[in-house]
Each structure stands twice: as structure tokens, then as C-alpha cells.
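This report walks through one model, from its helices to its sheet. Keep the coordinates open alongside the text.

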Amino acid sequence: MKDGTLPDTRGAEPPRYFRAKVEVQRRIEQLGLGDTLPAERRLAEELGVSRTTLRKALAELSAEGVLRREHGSGTYIAPPKVVKVRQLTSLSEDFGVDGKKVDSRVLSCERVPADGAIQTVLELGRGASVYRVARLRIVDDEPLAIEVAHLRGPLRGLVSRLSQEASLYRALRVHYGRENASVEDTVETAVASPDEADLLGIATGHPLLMVHRLGRDADGVAVEWTRSVYRGDRFKFVARATAPARNPAPE
């Protein structure tokens with residue numbers, strides 16, 4: 001609209017796929033975790049919509065983590081999102097409180113020249129190098145996240161240390177005395193690239209939760225810059241803040 005206001009759509013009919021989505025959600029509420037929905041053809045007939053319309057509704061519910069679609073098997077009610085991505089903790093610590101099994105598959109761990117972007121964010125001089133650690137995070141045998149960390153050195157023997165520890169943060173704390181005192185997380189949405197999709201066992205273009213983390217030690221030195229992508233249907237991000245104490249107003 002020219003005046004910047006949105007058009008009044010209160011009397012408009014919602015799209016057919018959206019009405020189908022709402023009806024599917026209603027049916028899901030009557031089913032249990034792991035139950036299957038009827039076959040597409042039958043469900044489309046019951047809802048009075050085309051299979052194309054139904055697939056759009058099911059695709060949105062899958063992207064939101066409500067459904068899990070398995071080719072050749074069916075459409076299942078998905079389990080709840082598995083973890084809240086928290087600040088100042090690692091994935092291993094997040095899942096440890098729930099008693100889940102957390103594994104890491106190290107994709108690469110090498111010392112590399114810091115490019116311009118890494119030099120800037122980690123406040124390094126020209127010609128500096130960093131340790132680049134790429135890992136696939138696996139929870140209860142399900143690949144759920146890819147983390148690529150750029151770490152300020154020196155970190156001699158990091159490759160062998162990671163073979164002993166599932167948690168990078170624990171390895172840094174136990175073997176190098178390094179721990180984040182503060183972090184800044186930038187959260188965005190993304191879609192899975194072909195390589196990411198292959199590692200996570202999802203379709204290319206699947207929604208992801210992407211978090212860039214800048215970690216600083218107790219002296220305020222930037223020591224970590226990590227890009228993590230999490231399956232958008234399995235994670236949610238939660239940040240908590242406490243208001244500073246206020247001095248009582250003078251009488």
C-alpha cells in the first residue's frame with residue numbers, strides 16, 4: 001500500500017494449503033509420537049484437496065519439525081525439538097543434562113592461515129594462523145549439527161586431544177586451561193547446502209538454524225569464532241537475560 005499500511009485481509013479466505021495444514025495439525029493432536037499419518041492419496045481425499053496442495057502443507061509442517069517424512073515409509077509424528085541451544089555451553093553439555101549420548105566425528109582439524117575475515121573477528125595481525133576444527137555432532141546416533149570452529153593458538157596436539165574428548169570446550173578447558181568467559185551469538189536462518197545435507201541426512205534446502213559465536217577469555221581476548229548449523233526441525237535457540245539490580249530511588 002502507498003501509505004505503508006497493510007491491506008485488510010480479515011474477510012479473506014485462507015489459502016487451501018493453509019486450511020489443509022490446520023486440519024492436519026488438528027489430527028496430529030489426536031495421535032501419539034511416532035504414529036503415522038494416512039497415505040497421501042487417502043489423506044488428500046479425506047481433506048478434499050489435491051495431493052499437490054497437501055504436499056505443500058506437509059512440507060511446512062516438516063520444516064517446522066512437527067512431522068518427519070521418510071521416503072518409501074510414510075509421514076510420522078516427529079519427536080519434540082531435542083535441545084535448546086544455550087549460551088556459554090557446548091552441545092555436549094546441553095545434552096548431558098538429558099542423559100543423551102553425544103558423539104563427534106572430526107571432519108578436519110588443521111592449522112591454517114587466517115583469512116581477512118578471521119583476522120578481523122579474532123583481532124589477529126596479518127600472517128597469523130588459526131586452528132580450524134570442523135566436526136559433525138551426533139546425538140543418539142542421529143547427525144544433528146555441523147560446527148566449524150576457528151581458534152586462536154597455540155594448541156599443540158589438538159588433534160589427539162579431540163580423539164579423547166567429545167566436547168571441544170572440555171578439551172580446551174582440561175588440556176589448555178582455556179575457557180570462554182563471555183560469548184556473543186548471532187543467530188540466523190539458513191538452508192542446507194548439498195554438502196551439509198549429505199552430512200546431516202536431510203534434503204538440500206532443508207531449513208537450518210545457524211549460529212555464529214565469538215568467544216572471549218577472562219582478559220577479553222577473542223579466542224573462538226565458530227559457525228554452527230543445526231537442523232531447524234530439531235533445535236530451538238533460547239537466550240536468558242537478567243535485568244541489572246537497580247538502586248532504590250532516593251526518598
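Are α1 and α2 roughly parallel or roughly perpendicular to each other? The model is a predicted one, and in it α1 and α2 pack at an angle of about 110°, with their axes 11 Å apart. Angles of 65 to 115 degrees count as roughly perpendicular. The two helices are therefore roughly perpendicular to each other. On the α1 side, Ala20, Glu23, Val24 and Arg27 make the contact. On the α2 side, Leu43, Glu46 and Leu47 do so.

## The helical part

Helix α2 spans residues 40–47. Its buried residues are Glu40, Leu43, Ala44 and Leu47. Seen down the axis of α2, they fall within an arc of 100°, so they line one face of the helix. An α-helix has 3.6 residues a turn, so residues three or four places apart point the same way. Arg41, Arg42 and Glu45 are exposed, on the face of α2 turned away from its buried side. Gly48 follows α2 and has a positive phi, near 70°.

Leu47 also belongs to the largest nonpolar core, which has 14 residues. Val24, Ile28, Leu37, Leu47, Leu54 and Leu67 touch the most other members of that core. Helices α1 (16–28), α2 and α3 (51–63) each supply at least two core residues. The largest share, four residues, comes from α3. Beyond its neighbours within four places in sequence, Leu47 is in contact with Ala20, Glu23, Val24, Arg27 and Leu54.

Arg69 lies in strand β1, residues 67–70. Its relative accessibility is 35%, so Arg69 counts as partly exposed. Leu58 is eleven residues from Arg69 in sequence, and their C-alpha atoms are 8.6 Å apart. Leu58 is also one of the contacts of Arg69, with neighbours within four places left aside. The others are Glu40, Arg55, Ala59, Ser62, Gly74 and Thr75. Glu40, listed there, is among the buried residues of α2.

## The six-stranded sheet

Now the sheet. It is open, has six strands and follows the order β4-β5-β6-β9-β8-β7, with antiparallel pairing. Why is one side of β4 and of β7 left without a neighbour in the sheet? Strands β4 (102–113) and β7 (182–191) stand at the edges and each has a single partner strand, so one side of each has no neighbour there. From one strand to the next, the twist averages 15°.

The table lists four antiparallel pairs with their bridge counts and one pair of opposite residues for each.

| Strand pair | Bridges | Opposite residues |
|---|---|---|
| β5 and β6 | ten bridges | Tyr131 and Leu151 |
| β6 and β9 | seven bridges | Ala149 and Thr226 |
| β8 and β9 | nine bridges | Leu214 and Trp225 |
| β7 and β8 | ten bridges | Thr189 and Leu209 |

Thr226 has another bridge link. It is the partner in β9 of Arg213, and it stands opposite Ala149 as well.

Helix α7 (residues 168–176) packs on the sheet. It touches β5 (129–139), β6 (142–152), β8 and β9. The direction of α7 makes about 40° with that of β6.

Two hairpins deserve a look. In the one formed by β5 and β6, two residues lie between the strands. Asp140 sits in that turn, with a positive phi of about 50°. The hairpin of β8 and β9 has five residues between its strands. There Gly220 takes a positive phi, near 85°.

## Buried strands and His212

How many of the eleven residues of β6 are buried? Nine are, and β6 is mostly covered. In β8, eight of the ten residues are buried, so this strand is largely enclosed by the rest of the structure.

His212 has its place in β8. Is His212 buried or exposed? Buried means under 20% relative accessible area. His212 has 16%, so it is buried. Residues up to four places away in sequence aside, His212 touches Glu184, Asp185, Thr186, Glu188, Trp225, Thr226 and Arg227. Among these contacts, Trp225 is the residue that stands opposite Leu214. Thr226, another contact of His212, is the bridge partner of Arg213.

Notes
Residues are numbered from 1 along each chain as its sequence is written. This is a predicted model: local features need pLDDT of at least 70, side-chain atom pairs count only at pLDDT 80 or more; totals for chains, interfaces and linings use all residues. Side-chain values use heavy atoms; hydrogens and water are left out. Two strands pair if DSSP finds at least two bridges between them. Axes are lines fitted to C-alpha atoms, for helices over the stretch in contact, and angles run from 0 to 180 degrees between N-to-C directions. Contact means heavy atoms within 4.5 Å. Buried means under 20% relative accessible area, exposed over 50%, partly exposed in between (1.4 Å probe, protein chains only). The arc is that of the directions from the helix axis to the C-beta atoms. A nonpolar core is a set of buried Ala, Val, Leu, Ile, Met, Phe, Trp, Tyr and Cys residues joined through side-chain atoms within 4.5 Å. Angles under 35 degrees count as roughly parallel, over 145 as roughly antiparallel, 65 to 115 as roughly perpendicular and the rest as oblique.
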